[in-house]
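User: I'd like to go through this one and hear the reasoning behind the labels. Can you set the values against the cut-offs as we go?

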Amino acid sequence: MDNAELKVELEKLHSASFGWALSCCGRDRGEAEEVLQTVYLKILEGKARFRGEANLKTWLFAVIRNTAISEHRRSLLRGLRLTADREAAIEQIPVYETPTEGFERSETQAQFQNALKSLPARQREALHLVFYEDLSLREAAEVMRVSIGSARQHYERGKKRLRETLGQTDIAYGISWRAKENPGAV
Amino acid sequence: MELVGEQKRIQALFSELRLADEQTAPRFAAVWNRAQAASSQTWRPARALNLSFVAATALLICALVSLALWSKYSQQNARQAIVVVTGNATPATVPVEVVKDTAGDPPLSEGSRDRAASRSRAKRLAARRRELMLAINLKAAREAKAISNWQSPTTALLKSQNDELLKSLPQLNESADDLKSFLTNTPK
């Protein structure tokens, strides 16, 4: 696959890639964009090369995941030095509300995102890849670089834990769940 | 059945999230162009780094080669100096002239002249060796003599006038008169 073809394919996968990058970066949009840019840079420089051994989507997601992990490590090291500066800078940044933030503030989504954040990384990744990106468990396992059995375990545990976390909240959807499980409780 | 319902609910929440993300996702062209720009910027420092690396490697190799040559020549010089010093120290370097009367001899051919020259060289070497051995023997003899003649400077202090009385003892086979004369103060 030459660069022009690859570019077309990457463009098709762009929004899905951004969503995955968001998930890998703890839903930090700036960081996710930076990670995606780094991934494209790696592809342009030939540091990440698609050899056709796997599906392009799973390969790209694996590259995004690895890049996000290494960027996170780097930012942690940087953060040790710049914590004080960043805190001062954050205090000076004016707060503007974007439509997305408005959406995220909606109660159901806020609860859901908090529940997702409370999950262990592997479980969150498995759920995101299956439900958000519509990947099969086998493909999710490829992206996460684990066996399919392990991916299935993370997926099942993640689902159970997400259900428990959401069940503890008072959002309507949680109440309906509990009502189904134990009709006498509600 | 409930599992399917549960999955549907999770799916619905994720779909909602995906829709929101798609609305706020940056344009592909923008991110791609930024990556391309970064790629062209990072290329130059990488090339400069490569050039500096090559230059540094070349300098290092030059330094190593010159060091190796210098050490080799210094070793050779040191060896030559040792040979000169040891050569000057031996008495064998004193030229010994072997006088040979060749006035009455008939003219020599080329081969016989060479043989004569080698013979005279051998004689000269033998004479040098003899002289060297003689010098060494003479030196050793001188040192041995000096050692045997040496006396301690405090030997005189160990001597006294009564040394003979203190050192002589009466013998069993001496005569009684001698014993009496020895014991002068005893009553007779």
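Analyst: Sure. Let's start where the chains meet: 25 residues of chain A are in contact with 25 residues of chain B. Bear in mind that this is a predicted model.

User: What makes a pair of residues count as being in contact here?

Analyst: The C-beta atoms, placed from the backbone, have to lie within 7 Å. On the chain A side, H2, H3, H5 (99-104), H6 (107-118), H7 (121-132), H9 (148-168) and H10 (172-181) each supply at least two residues. H3(A) gives the most, with 8 residues.

User: How do the residues on that side of chain A divide into nonpolar, polar and charged?

Analyst: The split is 12 nonpolar, 6 polar and 7 charged. As for the predictor's scores, the complex gets an ipTM of 0.74 and a pTM of 0.52.

User: Now the helix pairs. Why are H2(A) and H3(A) called oblique?

Analyst: The axes of H2 (residues 14-24) and H3 (residues 29-45) of chain A cross at roughly 120° and come within 8 Å. Roughly perpendicular covers 65 to 115 degrees, and roughly antiparallel needs over 145. The angle fits neither, so the two helices are oblique to each other. H2(A) passes H3(A) in a right-handed crossing.

User: Which residues make that contact?

Analyst: From H2(A) come A:Ser17, A:Phe18, A:Ala21, A:Leu22 and A:Cys24, and from H3(A) come A:Arg29, A:Ala32, A:Val35 and A:Leu36. By class that's 7 nonpolar, 1 polar and 1 charged.

User: And why do H8(A) and H9(A) get "roughly perpendicular"?

Analyst: Their axes also come within 8 Å, with a crossing at roughly 100°. The roughly perpendicular band is 65 to 115 degrees, so H8(A) and H9(A) earn the label. In H8(A), A:Leu137, A:Arg138, A:Ala140, A:Ala141 and A:Met144 meet A:Ile148, A:Ser150, A:Ala151, A:Arg152 and A:Tyr155 in H9(A). This contact has 7 nonpolar, 1 polar and 2 charged residues.

User: What makes A:Asp134 partly exposed?

Analyst: A:Asp134 has 14 other C-beta atoms within 10 Å. Buried takes 20 or more and exposed takes 12 or fewer, so A:Asp134 lands in between. You'll find A:Asp134 in the loop between H7 and H8 (137-144) of chain A, with a phi near 55°, positive although the residue isn't glycine.

User: Then how do you know that A:Arg145 is exposed?

Analyst: Count again: A:Arg145 has 11 other C-beta atoms within 10 Å, and the limit for exposed is 12 or fewer, so A:Arg145 qualifies. A:Arg145 lies in the loop between H8 and H9 of chain A. The phi of A:Arg145 is near 55°, again a positive value in a residue other than glycine. For background, most residues other than glycine have a negative phi.

User: Over to chain B. What is its pattern along the sequence?

Analyst: Chain B reads α-α-α-α-α, with 5 helices and 0 strands. Of its 188 residues, 4% count as buried.

User: What pLDDT does chain B average?

Analyst: The average is 77, and 68% of the residues score at least 70. Among the elements of chain B, H3 (residues 110-148) has the highest mean pLDDT, 91, and H5 (residues 176-182) the lowest, 65. Over residues 89-100 of chain B the pLDDT is below 50, and that stretch has 19 contacts in the model beyond near neighbours in sequence. Where pLDDT is low, predicted coordinates shouldn't be read in detail.

Methods: Residues numbered from 1 in each chain as written. Chains lettered and ligands numbered in written order. Predicted model: local features only at pLDDT ≥ 70, side-chain atom pairs only at ≥ 80, totals over all residues. pLDDT = per-residue confidence, 0-100. Helix = DSSP H or I, 4+ residues; strand = E, 2+ residues; numbered from the N terminus. Contact = placed C-beta atoms within 7 Å. Axes fitted to C-alpha atoms, helices over the stretch in contact; angles between N-to-C directions. Parallel < 35°, antiparallel > 145°, perpendicular 65-115°, else oblique. Left-handed = near helix turned anticlockwise from the far one by under 90°. Nonpolar A, V, L, I, M, F, W, Y, C, P; charged D, E, K, R; others polar.
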